[in-house]
Amino acid sequence: MATIEECRAALDKLSDTMQRAEGDVRDAAAMDRSVSCHITDLDVTFAGRLTGGRIEVRETLPGPPREKAQIRLAMTGDDLVSLVDGELHFARAWGSGRVRLEAGLRDLLRLRKLL
């Protein structure tokens, strides 16, 4: 089972990857939105902003998200690490229910370029 530190490192790695992206992926990452990632098996939430092509984690909170972020993710810590490492395909994980993504329709359309 992934630790809180490993999950935070995975989010940092994802943020770095997004920062280096080009083309449509870079455009999709250039949103300015609140974001939360609930790690279900650890019952911890990373909350922050997607801004300037990076994910800025501002808080690590116990339990589910306290506020409704504009972009909301939920998954196990192992799935987060596997997604970021390229071992788990997002569309398959989302389709099977291993990963939950909630956002407005416009944001979902932009995010599909990232995922």
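In the predicted model, I39 of strand β1 is paired across to strand β4, where its bridge partner is M75. A second such position along these two strands is C37, which stands opposite L73 in β4. Taken together, β1 and β4, the latter spanning residues 71-75, pair in the parallel sense over 5 bridges. Strand β1 itself covers residues 33-39 and is mostly covered, with 6 of its 7 residues buried.

Strand β1 is also joined to strand β2 (residues 44-51), and here the two strands run antiparallel and are connected by 7 bridges. Within this pairing, H38 has T45 of β2 as its bridge partner. The hairpin formed by β1 and β2 has 4 residues between the strands, and D43 in this hairpin takes a positive phi near 50°.

These pairings belong to an open sheet of 5 strands, in which the order is β3-β2-β1-β4-β5 and the pairing is mixed. The edges are occupied by β3 (54-62) and β5 (100-103), and because each of these has a single partner strand, one side of each is left without a neighbour in the sheet. On average, and with direction ignored, neighbouring strands of the sheet are turned by 20° against each other.

Helices lie against this sheet. Helix α1, made up of residues 4-20, lies across β1, β2 and β3, and its direction runs at about 160° to β3. Helix α3, made up of residues 77-84, likewise packs on the sheet, where it touches β1 and β4 and makes an angle of about 110° with the direction of β4.

Helix α3 is largely enclosed by the rest of the structure, because 6 of its 8 residues are buried. The buried residues of α3 are G77, D79, L80, S82, L83 and V84, and they pack against α1, β1, β4 and α4. Among them, S82 has a relative accessible area of 18%, which places this residue under the 20% limit for a buried position. When residues up to four places away in sequence are not counted, S82 touches E87 and L88. Just after α3, G86 takes a positive phi of about 80°.

The nonpolar interior can be described next. The largest nonpolar core holds 27 residues, of which I39, F46, I71 and L80 touch the most other members. At least two residues of this core are supplied by each of α1, β1, β2, β3, β4, α3, α4 (90-95) and β5, while the largest share, 4 residues, comes from α1. I39, named above as the bridge partner of M75 in β4, is thus one of the residues that touch the most other core members, and L80, which is listed with them, is one of the buried residues of α3.

The surroundings of F46 can be given in fuller detail. Leaving out residues up to four places away in sequence, F46 touches I4, C7, R8, L11, V35, S36, C37, I39, V57, E59 and T60. This list includes C37, the residue that stands opposite L73 in β4, as well as I39, which shares with F46 a place among the residues touching the most other members of the core.

Conventions. Residues are numbered from 1 along each chain as its sequence is written. This is a predicted model: local features need pLDDT of at least 70, side-chain atom pairs count only at pLDDT 80 or more; totals for chains, interfaces and linings use all residues. Side-chain values use heavy atoms; hydrogens and water are left out. Buried means under 20% relative accessible area, exposed over 50%, partly exposed in between (1.4 Å probe, protein chains only). Two strands pair if DSSP finds at least two bridges between them. Axes are lines fitted to C-alpha atoms, for helices over the stretch in contact, and angles run from 0 to 180 degrees between N-to-C directions. Contact means heavy atoms within 4.5 Å. A nonpolar core is a set of buried Ala, Val, Leu, Ile, Met, Phe, Trp, Tyr and Cys residues joined through side-chain atoms within 4.5 Å.
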